[in-house]
Amino acid sequence: MKVTDPVCKMTIDSEKAAAKSDYKGQTYYFCNPGCKAKFDQDPQKYASK
Ligand SMILES: [Zn+2]
């Protein structure tokens, strides 16, 4: 499944995501652990579209 990394907006494959995070019942995928770290610091900022 193609997903968008909410931090850097890169399109990635969810099966190849380097990291993922659950927030408010939704799963977010990241291209690298650095993006996950940024998301986890301020998930509201990135989760809102
Ligand atoms: Zn990223």
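User: Let's start with serine 21. Which residues does serine 21 touch, not counting residues up to four places away in sequence?

Analyst: Happy to help, and keep in mind that this is a predicted model. Serine 21 lies in strand E3. Leaving out residues up to four places away in sequence, the ones serine 21 touches are Tyr28, Lys36, Phe39 and Asp40.

User: Which residue stands opposite serine 21 in E4?

Analyst: Strand E3 covers residues 19–23 and strand E4 covers residues 26–30, and the two run antiparallel. Five bridges join them. The residue in E4 that stands opposite serine 21 is tyrosine 28.

User: What separates the C-alpha atoms of serine 21 and aspartate 40?

Analyst: Asp40 is one of the residues that serine 21 touches. Along the chain, serine 21 and aspartate 40 are 19 residues apart. Their C-alpha atoms are separated by 7.7 Å.

User: Is serine 21 buried, partly exposed or exposed?

Analyst: We can count neighbours: serine 21 has 19 other C-beta atoms within 10 Å. A buried residue needs 20 or more, and an exposed one has 12 or fewer. Serine 21 is therefore partly exposed.

User: Now the hairpin. What is the phi of lysine 24 in the turn?

Analyst: E3 and E4 form a hairpin with two residues between them. In E4, glutamine 26 is the bridge partner of tyrosine 23, and lysine 24 is found in the loop between E3 and E4. Most residues other than glycine have a negative phi. Lysine 24 has a positive value instead, near 50 degrees.

User: Which loop holds lysine 9, and what is its phi?

Analyst: Lysine 9 is found in the loop between strand E1 (2–4) and strand E2 (11–13). Its phi is positive, although lysine 9 is a residue other than glycine. The value is near 70 degrees.

User: How many C-beta neighbours do lysine 9 and lysine 24 have, and are they buried or exposed?

Analyst: Lysine 9 has 10 C-beta neighbours inside 10 Å. Lysine 24 has 8 other C-beta atoms within 10 Å. A residue with 12 or fewer counts as exposed, so lysine 9 is exposed and lysine 24 is exposed.

User: Which element supplies the largest share of the largest nonpolar core?

Analyst: The largest nonpolar core has seven residues: Ala17, Tyr28, Tyr29, Phe30, Cys35, Phe39 and Tyr46. E4 and helix H1 (33–41) each supply at least two of them. The largest share, three residues, comes from E4.

User: Tyrosine 28 is in that core. Which residues does tyrosine 28 touch, not counting residues up to four places away in sequence?

Analyst: We have already met tyrosine 28 as the residue opposite serine 21, and Ser21 is among its contacts. Another of its contacts, Phe39, is also a member of the core. With residues up to four places away left out, tyrosine 28 touches Pro6, Lys20, Ser21, Tyr23, Phe39 and Ala47.

User: Why do the buried residues of H1 line one face of the helix, and within what arc do they fall?

Analyst: In H1, Cys35, Lys36 and Phe39 are buried. Looking down the axis of H1, these buried residues fall within one arc, so they line one face of the helix. Pro33 and Gln41, on the other side, are exposed. The arc for the buried residues is 100 degrees.

User: What covers the buried residues of H1?

Analyst: Part of the cover comes from the hairpin strands we discussed, E3 and E4. A helix takes part too, spanning residues 43–47. The cover thus includes E3, E4 and helix H2.

User: How many C-beta atoms lie within 10 Å of alanine 37?

Analyst: Alanine 37 has its place in helix H1. The C-alpha atoms of alanine 37 and serine 21, 16 residues apart along the chain, are separated by 9.5 Å. Alanine 37 is partly exposed, and the number of other C-beta atoms within 10 Å is 13.

User: Finally, which pattern does the protein chain follow along the sequence?

Analyst: The protein chain has 49 residues, and buried residues make up 20% of them. Its secondary structure comes to two helices and four strands. Read along the sequence, the pattern is β-β-β-β-α-α.

Notes:
Residues numbered from 1 in each chain as written. Predicted model: local features only at pLDDT ≥ 70, side-chain atom pairs only at ≥ 80, totals over all residues. Pairing = 2+ DSSP bridges. Core = buried A, V, L, I, M, F, W, Y, C linked by C-beta atoms within 7 Å. Contact = placed C-beta atoms within 7 Å. Arc of directions from axis to C-beta.
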